[in-house]
Amino acid sequence: MLRFLVLTSLAAIVLAEPQPRYLEDRLERVVGGEVASPNSWPWQISLQYLSGSSYYHTCGGTLIEKDWVMTAAHCVDSTRTWRVVIGEHDLYTNSGREQIKSVSQVYIHPKWNRYSVASGYDIALLKLSSEATLNSYVQLGALPPSGQILPNNSYCYITGWGRTSTGGPISDELKQAYLPSVDHQTCSSSSWWGSTVKTTMVCAGGGEDSGCNGDSGGPLNCQVNGKYYVHGIASFVSSYGCNTIRKPTVFTRVSAYIDWIDSTMY
Ligand SMILES: *[C@@H]1O[C@H](CO)[C@@H](O)[C@H](O)[C@H]1NC(C)=O
């Protein structure tokens, strides 16, 4: 059985290797890596929930249309009031570049099962209440062609608001970490993730000097022919931590869900 951690306590994560766990915002954001130059990943969004009279960052996501955001199902499978901040860099400083949108509808993949993240389908789409204005700080993330598979060791970055070391201080600023992809054959071998990893997932990291994971729901940005495409949605990591050797961060493989994305949006 796989551990569902969004609502469980901090103590729970030290248990149970090799069960995967989510990239819970408070526990495990980008470790290693560096602060991104402001608005250099202009499709990155901050997903926030209302508690009391304030909103709190909980997950990352990708702006894929002016009024659509793609994130992980496990980020939004509880009933909350959500908002999306686009054009964000420092969560606690207003730069004037931010666009704040409420979420009018949440579409979770119908096959998502919150008790079985290893089954896959960790994808959701959020319809925004109004369209974002595209400019040099806010752009749409490009999706890969349906079915496209990255070769081993493709050039990818994970992005998210995160810690500079495990348990270290949380960065207010968006971070990026180089995280080369690992092909399915390697990632599903027994000394890596084994059968936990499905063909509908993408692995990245897990090497000797790997960077680390970002927020759940956030993008794995991979360069193909000189352009970045969002190939993954951050889904889960090893309970030993995100930079455990041969336990790369696991992402929903976006190219496996293009038909579902298109039929939900159009
Ligand atoms: C893929 O890359 C990883 C990390 O560099 C390496 O350990 C693995 O052997 C490679 N797999 C194949 C099939 O070449």
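**Exercise 1.** Which residues surround the ligand?

*Solution.* The model is predicted: local features need pLDDT of at least 70, side-chain atom pairs count only at pLDDT 80 or more, and totals for chains, interfaces and linings use all residues. Residues are numbered from 1 along each chain as its sequence is written, and side-chain values use heavy atoms, with hydrogens and water left out. Taking residues with a heavy atom within 4 Å of the ligand, one finds N152, N153, D183, T186 and W192. By class, this shell has 1 nonpolar, 3 polar and 1 charged residues.

**Exercise 2.** Describe the polar contacts of the ligand (pairs of N or O atoms within 3.5 Å) and its coverage.

*Solution.* Begin with the oxygen atoms of the ligand: a polar side-chain atom of N152 lies 2.4 Å from one, and an N or O atom in the side chain of N153 is 3.2 Å from one. Next, a nitrogen atom of the ligand lies 2.8 Å from a polar side-chain atom of T186. Finally, the ligand alone has 360 Å² of accessible area (Shrake-Rupley method, 1.4 Å probe), of which the protein covers 50%.

**Exercise 3.** Characterise the protein interior.

*Solution.* First, 56% of the 266 residues count as buried, meaning under 20% relative accessible area with a 1.4 Å probe, protein chains only. Second, the largest nonpolar core (buried Ala, Val, Leu, Ile, Met, Phe, Trp, Tyr and Cys residues joined through side-chain atoms within 4.5 Å) has 38 residues; I86 and L63 are among those touching the most other members. Third, I86 has contacts (heavy atoms within 4.5 Å) with residues including I45, L63 and V138.

Definitions and conventions:
A polar contact is a pair of N or O atoms within 3.5 Å; within protein, one must be able to donate a hydrogen and the other to accept it, and residues adjacent in sequence count only if both atoms are side-chain atoms. Ala, Val, Leu, Ile, Met, Phe, Trp, Tyr, Cys and Pro count as nonpolar, Asp, Glu, Lys and Arg as charged, and the others, Gly among them, as polar. Buried means under 20% relative accessible area, exposed over 50%, partly exposed in between (1.4 Å probe, protein chains only). Lists of a residue's contacts leave out its neighbours within four places in sequence.
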